[in-house]
Amino acid sequence: MKNSVNYLEKIQLYLGTLFLVIFVVTTIIQVTTRYLGISATWTEEISVNAFIWSMLLGASVMVRKKKHFSFDFIASALNHNYLPWLIILQNLIMLIFCLLCVVYSSEITNTFWHSRWISFPSLKQGYVWLILPITFLSMSIYLIEDSINQILSLNNCSSTNKAKGEI
């Protein structure tokens with residue numbers, strides 16, 4: 001499972017980087033064409049949507065790297081043995097939120113699937129909205145992975161304490 005999740009993270013990082021590059025390039029083109037008095041209306045839609053994809057792919061990876069919100073004030077007051085329980089609770093709260101977002105963002109994606117871009121009528125808006133269920137689904141995968149790791153660490157702690165005769 002770890003190899004699959006690592007691969008998912010790599011894909012998201014590469015795609016996020018690609019979309020960030022697209023964002024920067026189209027923004028530069030937009031600024032340059034405005035300075036030259038040329039109208040390039042397509043650059044705005046592409047840059048905004050590329051930025052959205054880049055940001056949401058990065059947000060998903062940040063969940064895996066634990067760079068998202070957490071209850072630090074509680075963690076600092078807790079005994080070290082209870083920290084995995086807090087992390088599991090935190091992951092469970094986020095997982096419920098993410099799974100609800102998967103459901104509702106899928107509905108939004110489906111609703112807007114056949115809408116067309118203004119500057120590129122041949123492209124569907126559904127591809128833009130598709131990032132939402134992808135993001136929340138991958139966040140859910142990362143949260144499940146971390147929860148499993150926390151449960152395993154609890155089992156390891158319990159085994160270590162039994163071996164030391166502390167329980």
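**Exercise 1: a nonpolar patch**

Find which residues make the nonpolar surface patch of about 660 Å² in this predicted model.

*Solution.* Start by picking out the members: L89, L92, I93, I96, L100, V103 and Y104 make the patch. Next, take one of them, L92, and place it: this residue lies in helix α4. Finally, check its exposure. L92 has a relative accessibility of 46%, and partly exposed covers the range between 20% and 50%, so L92 counts as partly exposed.

**Exercise 2: an aromatic pair**

Work out how the rings of F97 and F136 are arranged, and what parts the pair ties together.

*Solution.* A search of the whole structure gives 5 aromatic pairs. For F97 and F136, the ring centres are 6.2 Å apart and the planes stand at 85 degrees, so this pair is edge-to-face. Now locate the partners: F97 is in helix α4 (residues 83-112), while F136 is in helix α6 (residues 131-164), so the pair links parts 39 residues apart in sequence. As a last step, look at the accessibility of F136: at 15%, this residue counts as buried.

**Exercise 3: the setting of F120**

Describe where F120 lies and which residues it contacts, leaving aside neighbours within four places in sequence.

*Solution.* First, the location: F120 sits in the loop between α4 and α5 (126-129). Second, its exposure: a relative accessibility of 28% makes F120 partly exposed. Third, its contacts: with those sequence neighbours set aside, F120 touches W42, E45 and I46.

**Exercise 4: confidence**

Say where in the chain confidence is lowest and where it is highest.

*Solution.* Begin with the overall picture: the chain's average pLDDT is 88, and 92% of the residues score at least 70. Then turn to the extremes: helix α3 (residues 72-77) is lowest, with a mean of 72, and helix α1 (residues 2-36) is highest, at 95.

Methods:
Residues numbered from 1 in each chain as written. Predicted model: local features only at pLDDT ≥ 70, side-chain atom pairs only at ≥ 80, totals over all residues. Heavy atoms only, no water. pLDDT = per-residue confidence, 0-100. Helix = DSSP H or I, 4+ residues; strand = E, 2+ residues; numbered from the N terminus. Phe/Tyr/Trp six-rings, centres within 6.5 Å; stacked < 30°, edge-to-face > 60°. Buried < 20%, exposed > 50% of the residue type's maximum accessible area, 1.4 Å probe, protein only. Patch = residues over 30% accessible without salt bridge, like charges linked within 9 Å, V, L, I, M, F, W, Y side chains within 5 Å. Areas by Shrake-Rupley, 256 points an atom, 1.4 Å probe, with all protein chains shown as cover. Salt bridge = Lys/Arg side-chain N within 4 Å of Asp/Glu carboxyl O. Contact = heavy atoms within 4.5 Å.
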